Amino acid sequence: MTVADNATLRVPEEDPLAAQQSVEQSVTALAGEVVDHRFKALPPDAEGLTVGALAAERRNLFTGGFTTPVLALSAESVEANLALLETYAERHGLAFAPHGKTSMSPQLFARQLEHGAWGITAAVPHQARVYRAYGIRRIFLANEVVDGVALRWLAGELDADPDFTFVCYVDSVRGVELMDEALRAAGASRPVDVVVELGAGEGARTGARTEADCVAVADAVAAAPTLRLVGVAGYEGEVPDASPERVREWLRRLVALAAGFDASGRLTALAGGEEILISAGGSAWFDAVADVFAEIPELSRPVCKLLRSGAYVSHDDGHYLRITPFNRVPEEGALRPAFRLWAQVVSRPSGDQAFLNAGKRDAAYDLDLPQAQVVRSGRDGSERAATGITVTGLSDQHTWVRTEAGAELEVGDWVGMGLSHPCTSFDKWQLIPLVRADGTVTDYIRTFF
């Protein structure tokens, strides 16, 4: 069967529970991975144990043999954040495909699906390959894909699995041509679902800049038998000089574009369903997305209103703490920072200076420096607030700390630091202890960057 013959094919609607169980079964295999030198900070005496066996020991992060620096993920905060976005999406009638690039953790993907996620968002084909390796059946790739090798792989995945739903951006006629050429060469039998990306403005990131450009791209898709246009999408976080008014104005353009495409008969339904797709929503403006998507007029088909926020799963103590929409709508709830990086004081060369044994290889630093929050005594394990202690810089393997007069800090103390930007926190650690408030490590979160 050719793609042209298959253009109106509808694959069976998947069973959400079966999809979730498939991912959970794939993730279970991670417990069999052997603990060794690849995973920094894990106890040396755990060498040779499986991850599952180590987790079953319920070691304490501070007394269980872990070395410093060690990144900890709060079990309670992660659970609270997962539940909050599930409730938020349900309350506002949104489908949710959290961006997996944040954590690249199949275990967290499984939890997100358990908490109602429609699927998982990717940014590049490699991420989609990881998702597929762990059973993800719905992938929204929020980027253009013009790599012939990646498209050949995608065609194979779609042909082999009728339950696999995949959607990606298109924003140029040339990009559509490259996709069509690659998919034809691959002998694809299922067309690839695409959405036209509307750019957030001049000087913004990807996306067709004008509605006329979007129409040209949509018409190119219609002429390509290997592709199907199922909706529109974009990223409001790139709106220049973003403000609530500017973001909402751009989101209304996105909705109007979808309505225009629908009225002109340019849109078809997602494979496996009857909906057309409208998607937006990073971690800074999802309140605006919820408001404007609530205004979507009745179209010829039901609309899948797809939100893609990803940083919420761990939140942070810096950038996202400042910009989260929950600051504007506190009645909706509050996310909880989940990361804490523990490092040890290894040098106290003067009364106003100290150095910790963590650095750029361990801590996110692209948006903000880590924040000293708590000190754990190296003598008796007691904890106190990190009063008068400020992180001033990072070297590759050192944290530069300034201490005010009277600040309590000595060599051997552990300093717990809050981090900014989840994406560049997760990607520095392959196996992250999931820790309860009392210090008990209940699991280890595997990442694939």
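This passage describes a parallel sheet and the two largest pockets of a predicted model.

Local features require pLDDT of at least 70 and side-chain atom pairs count only at pLDDT 80 or more, whereas totals for chains, interfaces and linings use all residues. Residues are numbered from 1 along each chain as its sequence is written, and side-chain values use heavy atoms, without hydrogens and water.

Eight strands (DSSP runs of E, at least two residues, numbered from the N terminus) form an open sheet with parallel pairing, in the order β2-β9-β8-β7-β6-β5-β4-β3. Pairing requires at least two bridges found by DSSP between two strands. Strands β2 (95-96) and β3 (120-122) form the edges, each pairing on one side only. Strand β4 (residues 138-144) runs parallel to β5 (residues 165-170), and 5 bridges join them; I139 has F166 of β5 as its bridge partner.

A pocket is an open set of points on a 1 Å grid over the protein atoms alone, where a 1.4 Å probe fits, with protein on both sides within 12 Å along at least five of seven lines; lining residues have an atom within 4 Å of a point. The largest pocket holds about 500 Å³ of space. Its lining comprises 26 residues, with H99, K101, R205, Y235 and G282 closest to the centre.

The second largest pocket has a volume of about 390 Å³. Among its 22 lining residues, Q107, R111, L434, D443 and I445 lie nearest the centre. Elements contributing two or more residues to this lining include the strands β17 (431-435) and β18 (441-446).

Definitions and conventions
Helices (H or I, at least four residues) and strands (E, at least two) are DSSP runs, numbered from the N terminus. Grid points are joined across faces, edges and corners, and a volume is the space filled by probe spheres set on the points.
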